[in-house]
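Please examine the sequence and the three-dimensional structure shown here. The account below is intended to be read alongside them.

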Amino acid sequence: MTTKQVGRYLRYKLAFDRLDEALEKGWLLEAITLEESIITDRLLSILKIKGESSPTRQSFSNVIAQAKKVMTGSGETAEGDLFHELDQWRVDRNACIHAFCKLDNHAYADNSAELFSEQMWETAKKGRELVDLVKYLSQEVKAGRL
């Protein structure tokens, strides 16, 4: 393993360790943020392996769409499709990260905080599942099986 690979491995390991700790301790915003970082990194890795150039600064939505197109030949997503799930999770992630104090349909309900907390938990748990799926997908692409 080269020095570059060791450093990358250690950062990747740290991200997973922090993610699991964040979920265990209920640090949901940290977990969701780490999940996006890992998913984006793995999707960008797939693009690189497939010989696709990708701007270093682009939206999460664009990274998902570009990876979908590279993997399937189409940018269209459909129910049950991993890329559709990623895009749906992106919407939920945005609601958790960017709309923490934004007024929504439940903002004035007595249980507003509980409803939002439940949404964050669901988003964080789903994100963790997606992290594993995208990690597996990138391993399959790297191994040349996809």
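The following paragraphs proceed from the overall fold to helix packing, and then to aromatic pairs and individual residues.

The model is predicted. It contains five helices and zero strands, and the order of elements along the sequence is accordingly written α-α-α-α-α. Along the principal axes, the C-alpha atoms of the protein occupy a box of roughly 55 × 35 × 25 Å. Of the 146 residues in the protein, 34% are buried. Among contacts with a sequence separation of 6 or more, 61% are between residues 24 or more positions apart.

Helix packing is considered next. Two packed helices are described by the angle between their axes and the distance between the axes. Helix α1 comprises residues 3-25 and helix α5 residues 112-142; their axes come within 11 Å and cross at roughly 150°. Angles over 145 degrees count as roughly antiparallel, and α1 and α5 are therefore roughly antiparallel to each other. Their crossing is left-handed. On the α1 side, the contact involves Tyr12, Phe16, Leu19, Asp20 and Leu23, which meet Trp121, Ala124, Arg128, Val131, Asp132 and Lys135 of α5. By class, the residues of this contact between α1 and α5 comprise seven nonpolar, no polar and four charged.

Helix α2, which spans residues 28-49, takes part in two further packings. With α4, the angle is about 145° and the axes are 11 Å apart; the crossing of α2 and α4 is left-handed. Leu29, Ile32, Thr33, Glu35, Glu36, Ile39 and Leu43 of α2 form this contact with Phe83, Leu86, Trp89, Arg93, Cys96 and Ile97 of α4. Nine nonpolar, one polar and three charged residues make up the contact of α2 with α4.

With α3, helix α2 packs at an angle of about 35°, and the axes are 10 Å apart. The crossing of α2 and α3 is again described as left-handed. From α2, the participants are Glu36, Ile39, Thr40, Leu43, Leu44, Ile46 and Leu47, and from α3 they are Phe60, Val63, Ile64, Gln66, Ala67, Val70 and Met71. The contact of α2 with α3 consists of 11 nonpolar, two polar and one charged residues.

Which residues of these helices form aromatic pairs? A pair of aromatic rings is described by the distance of the centres and the angle of the planes. A search of the whole structure yields two such pairs. In one, tyrosine 12 and phenylalanine 16 are arranged edge-to-face, with 5.1 Å centre to centre and 65° between the planes. These two residues are separated by about one helical turn because they lie four residues apart in helix α1. Tyrosine 12 has a relative accessibility of 22% and so counts as partly exposed, whereas phenylalanine 16, at 10%, counts as buried.

The other aromatic pair consists of phenylalanine 60 and tryptophan 89, also edge-to-face, at 6.1 Å centre to centre and with 85° between the planes. This pair links distant parts of the chain: phenylalanine 60 belongs to helix α3 (residues 60-72) and tryptophan 89 to helix α4 (residues 82-98), 29 residues apart. Both phenylalanine 60 and tryptophan 89 are buried.

Two threonines have contacts with members of that pair. Is threonine 123 buried or exposed? Threonine 123, located in helix α5, has a relative accessible area of 3%; buried means under 20%, so threonine 123 is buried. Leaving aside residues up to four places away in sequence, threonine 123 touches Ile32, Glu35, Trp89, Asp92, Arg93 and Cys96. Threonine 40 lies in helix α2 and, at 17% relative accessibility, counts as buried. With residues up to four places away in sequence again left out, threonine 40 touches Phe60 and Val63.

Glutamate 21 completes the description. This residue is part of helix α1 and, with 29% relative accessibility, counts as partly exposed. Glutamate 21 and threonine 33 are 12 residues apart in sequence, and their C-alpha atoms are 13 Å apart in space.

Methods. Residues numbered from 1 in each chain as written. Predicted model: local features only at pLDDT ≥ 70, side-chain atom pairs only at ≥ 80, totals over all residues. Heavy atoms only, no water. Axes fitted to C-alpha atoms, helices over the stretch in contact; angles between N-to-C directions. Parallel < 35°, antiparallel > 145°, perpendicular 65-115°, else oblique. Left-handed = near helix turned anticlockwise from the far one by under 90°. Contact = heavy atoms within 4.5 Å. Nonpolar A, V, L, I, M, F, W, Y, C, P; charged D, E, K, R; others polar. Buried < 20%, exposed > 50% of the residue type's maximum accessible area, 1.4 Å probe, protein only. Phe/Tyr/Trp six-rings, centres within 6.5 Å; stacked < 30°, edge-to-face > 60°.
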